[in-house]
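The following exercises concern strand pairing and helix packing. Each task is followed by a solution that proceeds step by step.

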Amino acid sequence: MSNSRISRITTATLGAAALTLSMSPSATAATSQEDVPTFAEFKASTFRDVGGQYVVNGDETIATTTKLRDYYDTMVNRQDGTGSTSLVVNTAGGTDDLWSASQARNLTYCVSNGFGADKAAVVSAMQSGAGQWEAASSGVNFTYVSSADASCTVSNSAVVFSVEPTFTSEYIARAFFPSSPDSQRNVLVNASSLQSSGSWTPSNILAHELGHTLGFRHEHTRPEAGTCFEDNNWRPLTPYDSASIMHYPQCNGSSSDLSMTETDRQGARSVYGS
Ligand SMILES: [Zn+2]
């Protein structure tokens, strides 16, 4: 989740970028196709996280430079207004990017002791955020494994993913998708920002991030949003929902508090069961 720093390379998304509180110094905002950066420029301006993954669309990750090139090509070559395109699922290689039924019922995680004095707040927000999806679909179950907290990294095979602190100001938190390689399956959280983001509660911020870990993309990539287009590698699960928890409020969203909607719950049930 990023409320203030979003890198953009296409005309269609410029409006959203202008609405943000501040642009990243490295962000590239093009005003016409002629201003589209080269791949080298785009790559150089894209924030690269601790595990080497690229962070795009505010809080989503791309694992490798090869995949970043694919993403860039999609952005540059995309066609406006192409048909279909509230909840949408990420696609990888043309197929839905989801957990298997058994995996979705056992999404184990740890919360790093590195959060220090903020750890209790992060643990609480994770349990509350996870609970929002668990209440939506009986096929989703996140399990907190506190015994792994002392060595809570992507290397810990006792859990599916780790929740680790970050001190970057590039985002409040960022997550991963089911197709992300095991070495990049972590949720990074700026605990200070998490607890000071106004109407966005810690529970809702982490529920948004956990939506990504379940395979859900930003709702505002749909053409109905009219802005903030990302790419076409997704499939709609529900009618467009401008109030979706996966819809950035600053991208023509209709809800300011990032709360989960009934449409979000329906979408989750459509892929993980009721
Ligand atoms: Zn997001």
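**Exercise 1.** Which residue in E10 stands opposite Asn-90? Place this pair in its sheet.

*Solution.* The model is predicted: local features need pLDDT of at least 70, side-chain atom pairs count only at pLDDT 80 or more, and totals for chains, interfaces and linings use all residues. Residues are numbered from 1 along each chain as its sequence is written.

Step 1. The residue opposite Asn-90 is Trp-234 in E10. Strands (E, at least two residues) and helices (H or I, at least four) are DSSP runs, numbered from the N terminus.

Step 2. Val-89 has Arg-235 in E10 as its bridge partner. Over three bridges, strand E3 (residues 88-92) and E10 pair in the antiparallel sense; two strands pair if DSSP finds at least two bridges between them.

Step 3. E3 also pairs with E4 in the antiparallel sense, over two bridges, and Ala-92 has Thr-95 in E4 as its bridge partner. The hairpin of E3 and E4 has two residues between the strands, and in it Gly-93 takes a positive phi near 65 degrees.

Step 4. The three strands thus form an open, antiparallel sheet in the order E4-E3-E10. Its edge strands are E4 (95-96) and E10 (234-236), each of which pairs on one side only.

**Exercise 2.** Determine how the buried residues of H5 are distributed around its axis.

*Solution.* Step 1. Helix H5 (residues 119-136) has 18 residues and reaches 26 Å from its first C-alpha to its last, close to the expected 26 Å (1.5 Å times one less than the number of residues).

Step 2. The buried residues of H5 are Val-122, Ala-125, Met-126, Gly-129, Ala-130, Gln-132, Trp-133 and Ala-136. Buried requires 20 or more other C-beta atoms within 10 Å of the residue's own, and exposed 12 or fewer, with C-beta atoms placed from the backbone.

Step 3. Because these residues cover an arc of only 140 degrees around the axis, they lie on the same side of H5; the arc is that of the directions from the helix axis to the C-beta atoms. Ala-120 and Ala-135 are exposed on the other side of H5.

**Exercise 3.** At what angle do H5 and H7 pack?

*Solution.* Step 1. H5 and helix H7 (residues 202-213) pack at about 60 degrees, with their axes 7 Å apart. Axes are lines fitted to C-alpha atoms over the stretch in contact, and angles run from 0 to 180 degrees between N-to-C directions.

Step 2. H5 and H7 are therefore oblique to each other, the class left after angles under 35 degrees (roughly parallel), over 145 (roughly antiparallel) and 65 to 115 (roughly perpendicular).
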